[in-house]
Amino acid sequence: MSPKKITTADHEIVCQEGESVLDALLREHIDIPYSCKEGACQSCMIRSTDGAPPTNAQKGLKDVLKHQNYFLACLCIPHEDMHVSIGDSPVTFTDGTVTGKELLNPETLLLTIEFDEPLDFYAGQFVNLKRADGLIRSYSIANNRVHAHKLTFHIRRLAGGRFSEWAHQELAVGDKIAVSDPQGLCYYLPNDLEQNMLLVGTGSGLAPLAGIIEEALHHGHRGEIHLYHGSREVDGLYWIDEMRQLAKAHPNFHYTPCVSRGDAPAGITQGRANEVALAALPSLKEWRVYLCGHPEMVNQTKRKAFLKGASFQNIYSDAFHVASSTLE
């Protein structure tokens, strides 16, 4: 196998026959994180920007990472010339127009933004919304890819929250707002329509999960889909009737609203959503798990889902979490 050219944003190097991309980059003193050099730690993960990398260089990665052409530089012996991206790509913004504002409950706003050109996003990703003065906050996309010209968000009003207070009180229909390129790896891919799915969210963490469910049902997902949505009190829940109607229309979709304080009224389950879910499902072996909400809830549920048989490769959450002051 002849030497291959590796091109980055700032360098062009030659990867010798039998040499890994990582070793070639290090030989040329190009800064790249790495540790074990055996594909276990995944520290040297980078992205191919001109096509799929060798399959064996994606060993152990989540399907959404493979889908975006990420690979492990230490395992990659290139078969052809490659263009690669090391580190985070610069974020670009597009102006959208606010076309809808509706309260989902006393503290959560459904915000709709529309665009002149269709957007390339996946249900469950998030974007950064930027105010005219430069203030930025991250919010999950609540709709699926069918609605490519618009994005919807569930914006929870936080006491003293500069962006959320402004969005609730001052942002108006017809206003322009800057929206970043979609980001994140917590999204649905229709690569296994038989796989069972568990989705757990608290508060406005329902937003990305609703988009994922819409996307899965749109693709004809046949595995069981269980959604557990939690709040402290009943008035913190929303879309209860909509989710129940969806469950009636799709026998494989199951919806359980939960409250963690006080007595639960009829039709609502008492307890924290993650605890109720894990108690109801004895095994998560081969399941796909999506989590969004308070970071502590997400981290606890990751561990417990793994102990119930879910592979870490099948547990999805993003470093971005919906802001919340309690575990709910």
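Two strands count as paired if DSSP finds at least two bridges between them, and the strands themselves, like the helices, are DSSP runs numbered from the N terminus (E, at least two residues, for strands; H or I, at least four, for helices). The exercises below concern a predicted model, in which local features need pLDDT of at least 70 and side-chain atom pairs count only at pLDDT 80 or more, while totals for chains, interfaces and linings use all residues. Residues are numbered from 1 along each chain as its sequence is written, and side-chain values use heavy atoms, with hydrogens and water left out.

**Exercise 1. Describe the sheet that contains β1 to β5, and follow its pairings down to single residues.**

Step one is the strand order: five strands form an open sheet in the order β2-β1-β5-β3-β4, with mixed pairing. The edge strands, each pairing on one side only, are β2 (12-15) and β4 (70-72). Neighbouring strands are turned by 40° against each other on average, direction ignored, where the axes are lines fitted to C-alpha atoms and angles between N-to-C directions run from 0 to 180 degrees.

Step two takes the hairpin, in which β1 and β2 are separated by four residues. Strand β1 (residues 4-7) runs antiparallel to β2 and is joined to it by four bridges, and in this pairing T7 has E12 of β2 as its bridge partner.

Step three turns to β3 (residues 45-48) and β5 (residues 82-85), which pair in the antiparallel sense over two bridges; here S48 stands opposite V84 in β5.

Step four asks which side chains of β2 are buried, that is, under 20% relative accessible area (exposed is over 50%, partly exposed in between, with a 1.4 Å probe and protein chains only). The side chains alternate along β2, so that I13 and C15 point to one face and are buried, whereas E12 and V14 point to the other and are not.

**Exercise 2. Decide whether C74 and C186 are in a disulfide or in none, taking a disulfide as a pair of cysteine sulfur atoms within 2.5 Å.**

A search of the whole structure finds zero disulfides. For C74, the nearest cysteine sulfur is that of C44, 3.6 Å away, and C74 is in no disulfide; with 12% relative accessibility, C74 counts as buried. C186 is likewise in no disulfide, the nearest cysteine sulfur being that of C292 at 6.7 Å, and C186 is buried with a relative accessible area of 5%.

**Exercise 3. Locate salt bridges and state which parts of the chain they link, using a side-chain nitrogen of Lys or Arg within 4 Å of a carboxyl oxygen of Asp or Glu as the criterion.**

The whole structure holds nine salt bridges. In one of them K37 meets D23, with the closest N and O atoms 3.1 Å apart; K37 lies in the loop between α1 (21-27) and β3 and D23 in helix α1, so that the pair links distant parts of the chain, 14 residues apart. Both partners are partly exposed, K37 with a relative accessible area of 39% and D23 at 31%.

In another, R261 and E233 meet at 3.7 Å, N to O. Because R261 is in the loop between β14 (253-259) and β15 (269-270) and E233 in the loop between β13 (225-231) and α5 (240-249), this pair ties together parts that are 28 residues apart in sequence. A network of salt bridges links E19, R27 and E28.

**Exercise 4. Compare the span of α4 with its expected value, and say how far the helix is enclosed.**

The expected span is 1.5 Å times one less than the number of residues. Helix α4 (residues 206-218) has 13 residues and reaches 18 Å from its first C-alpha to its last, close to the 18 Å expected. Since 11 of the 13 residues are buried, α4 is largely enclosed by the rest of the structure; among the buried residues are L206, P208, I212 and E215. The helix is followed by G220, whose phi is positive, near 75°.

**Exercise 5. Classify the aromatic pairs Y122 with Y187 and Y238 with W239.**

Rings of Phe, Tyr and Trp (its six-membered ring) pair if their centres lie within 6.5 Å, and planes under 30 degrees apart count as stacked, over 60 as edge-to-face and the rest as tilted. Six aromatic pairs are found in the whole structure. Y122 and Y187 are stacked, at 4.7 Å centre to centre with 20° between the planes. The rings of Y238 and W239 have centres 6.1 Å apart and planes at 70°, so this pair is edge-to-face.

Technical notes
A disulfide is a pair of cysteine sulfur atoms within 2.5 Å.
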